[in-house]
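Pull up the model and let's take a stroll through it, starting with the whole chain and then dropping into a few spots worth a look.

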Amino acid sequence: MDPKRVTLALVGYGYWGPNLLRNFMEVPNCQVKYVCDKSVTQLRRVAPKFPYITTTQSFQEVIDDDEVDAVVIATPISTHYHLAKKALLRGKHIFIEKPLTADSQSAEELVRLADMQRLILMVGHTFKYSPPVVKIKELIDSGELGDIYYISSSRVNLGLHQPDVSVIWDLAPHDFSIIFYWLGEEPSRVHAFGRGCVKPDTPDVAFINLAFDSGTVAEVQLSWLSPVKLRRTVIVGSKKMLIYDDTESVEKVKVFDHGVNFIEPSSFEEFQLSYRSGDIVSPHLDNYEPLYAEAKHFLDCIREGKRPRTDGLDGLRIVRALEKAEKSLMENGNFVEDSRCKFRVIR
Ligand SMILES: NC(=O)c1ccc[n+]([C@@H]2O[C@H](COP(=O)([O-])OP(=O)(O)OC[C@H]3O[C@@H](n4cnc5c(N)ncnc54)[C@H](O)[C@@H]3O)[C@@H](O)[C@H]2O)c1
């Protein structure tokens with residue numbers, strides 16, 4: 001039997017919106033009826049490719065249409081709360097891009113509202129639907145890596161500087177959602193340090209440290225100002241170590257049978273460590289597009305009344321951690337006093 005048809009409206013057709021549109025259109029029995037954007041220039045890009053989709057600048061028109069079951073929001077973060085609240089109050093299911101909102105109070109309100117209205121609220125934490133991230137979760141849960149000592153992650157590239165948020169709100173949602181998912185816990189302590197190099201009041205580089213009750217520690221390096229694009233995570237466990245490089249086209253995940261054994265000494269002279277350097281294995285990964293899996297999951301949740309894997313509560317946890325990181329950066333970082341990065345040419 002064909003799945004029940006779901007009619008959607010996409011709001012926000014900037015950088016990310018077209019990717020969402022392409023994937024939602026591929027899901028069986030999903031009709032995208034509207035693309036809404038306040039910019040006419042952006043809307044003009046829709047018609048040549050998708051003449052049967054109605055384009056509009058009016059969000060009200062979209063949510064007043066009773067045929068629309070759900071609204072997909074891909075607008076700047078500062079607009080998420082107001083758009084999602086209006087749509088929930090009009091009875092629409094919501095898929096909203098990361099991060100859920102710009103503060104935890106608004107996120108809590110949306111979670112409560114969606115529950116009260118019995119509507120789906122799903123956040124676009126895309127990496128939780130990505131094959132390498134899912135495979136690493138399986139490896140950690142199976143105990144193959146042992147106890148996780150630490151995680152170190154780099155997410156840096158040149159641009160895109162966001163006009164309304166710091167690099168923390170733009171990039172850390174990815175690392176936070178991945179790391180919290182892998183470890184099954186939220187950090188008890190968050191510390192961040194960084195600065196605004198290009199615009200002094202907008203941090204574009206940040207180094208975040210996380211401590212978890214399990215004992216695991218993590219560091220996340222974020223930057224819009226880097227000569228190369230890095231998407232690289234190192235996980236060190238008591239049994240094995242792992243490197244996840246999302247820029248690789250094949251072998252994104254490599255598991256190293258490397259480690260150190262500490263032999264309990266009976267005297268100081270006997271103190272010794274034995275280093276193990278064994279096989280390096282790249283596990284098989286499923287081959288599907290994370291965004292398609294995410295889009296399909298949202299529609300399945302609407303049809304079956306299931307709670308999404310990345311529901312509003314998941315989004316709220318990330319927003320809380322982002323707030324802590326931003327607060328720490330504002331209190332301890334030196335970017336407020338330092339006016340500009342000074343680049344020195346070394347000859
Ligand atoms: N999951 C991912 O990997 C990923 C990647 C990039 C961006 N994002 C997220 O997607 C969202 C959008 O980011 P972007 O880079 O596409 O931004 P963008 O600025 O390129 O595009 C946003 C679009 O929204 C439109 N817009 C703004 N306010 C509006 C309103 N009130 N009503 C209708 N349209 C409005 C703008 O005109 C613009 O076309 C953000 O939440 C961002 O964090 C997610």
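What follows goes from the overall fold to two helices, the ligand shell, a buried proline and some backbone oddities.

Keep in mind that this is a predicted model. The chain has nine helices and 14 strands. Its radius of gyration is 22 Å, close to the 20 Å that the globule rule gives for 347 residues, so the chain is as compact as a globular protein of that length. If you want a box for it, the C-alpha trace spans about 80 × 55 × 40 Å along the principal axes. Buried residues account for 40% of the 347 in the chain. As for how the chain folds back on itself, take the contacts between residues at least 6 apart in sequence: 67% of these join residues at least 24 apart.

Now zoom in on helix α6, residues 131-142. Its twelve residues should span 16 Å at 1.5 Å a residue, and the end C-alpha atoms are indeed 16 Å apart. Which residues of α6 are buried? They are Pro-132, Val-133, Ile-136 and Ile-140. Looking down the axis of α6, you'll find these buried residues within an arc of 95°, so they line one face of the helix. The spacing fits a familiar rule: an α-helix has 3.6 residues a turn, so residues three or four places apart point the same way. Over the buried residues of α6 lie, among others, β7 (148-156), α7, β12 (241-245) and β13 (253-263). Flip to the face turned away from the buried side and you meet the exposed residues Glu-138, Asp-141 and Ser-142. After α6 comes Gly-143, with a positive phi near 85°.

Helix α4 (residues 77-89) is another one to click on. Its buried residues are Ile-77, His-80, Leu-83, Ala-84, Ala-87 and Leu-88. They pack against a mix of helices and strands: β1 (6-11), α3 (59-64), β4 (70-73), β5 (93-97), α5 (104-116) and α7 (167-183). Here too a glycine follows the helix, namely Gly-91, whose phi is positive, near 80°.

On to the ligand. Around it sit 22 residues, of which Gly-12, Gly-14, Tyr-15, Trp-16 and Glu-97 come nearest. By class, that shell splits into nine nonpolar, nine polar and four charged residues.

Next, the proline. Pro-308 is in the loop between α8 (290-304) and α9 (312-332). Is Pro-308 buried or exposed? It has 23 C-beta neighbours inside 10 Å, and the cut-off for buried is 20 or more, so Pro-308 counts as buried. Setting aside neighbours within four places in sequence, Pro-308 is in contact with Ile-120, Met-122, His-297, Phe-298 and Cys-301. Take Ile-120: it is 188 residues away from Pro-308 in sequence, yet the two C-alpha atoms are 7.6 Å apart.

Finally, the backbone oddities. A cis peptide bond joins Lys-98 and Pro-99, with omega about -20°, and Pro-99 is in the loop between β5 and α5. The bond from Gly-159 to Leu-160 is cis as well, omega near -15°; Leu-160 lies in the loop between β7 and α7. Then there are positive phi values at residues that aren't glycine: about 55° at Asn-29 and about 50° at Arg-118. Asn-29 is in the loop between α1 (17-26) and β2 (30-36), while Arg-118 is in the one between α5 and β6 (121-124). Asn-29 counts as exposed because it has 12 C-beta neighbours inside 10 Å, and Arg-118, with 9, counts as exposed too.

Notes:
Residues are numbered from 1 along each chain as its sequence is written. This is a predicted model: local features need pLDDT of at least 70, side-chain atom pairs count only at pLDDT 80 or more; totals for chains, interfaces and linings use all residues. Helices (H or I, at least four residues) and strands (E, at least two) are DSSP runs, numbered from the N terminus. Two residues are in contact if their C-beta atoms, placed from the backbone, lie within 7 Å. A residue is near a molecule or strand if its C-beta atom, placed from the backbone, lies within 6 Å of it. Ala, Val, Leu, Ile, Met, Phe, Trp, Tyr, Cys and Pro count as nonpolar, Asp, Glu, Lys and Arg as charged, and the others, Gly among them, as polar. The radius of gyration is taken over C-alpha atoms; the globule rule is 2.2 Å times the number of residues to the power 0.38. The expected span of a helix is 1.5 Å times one less than its number of residues. The arc is that of the directions from the helix axis to the C-beta atoms.
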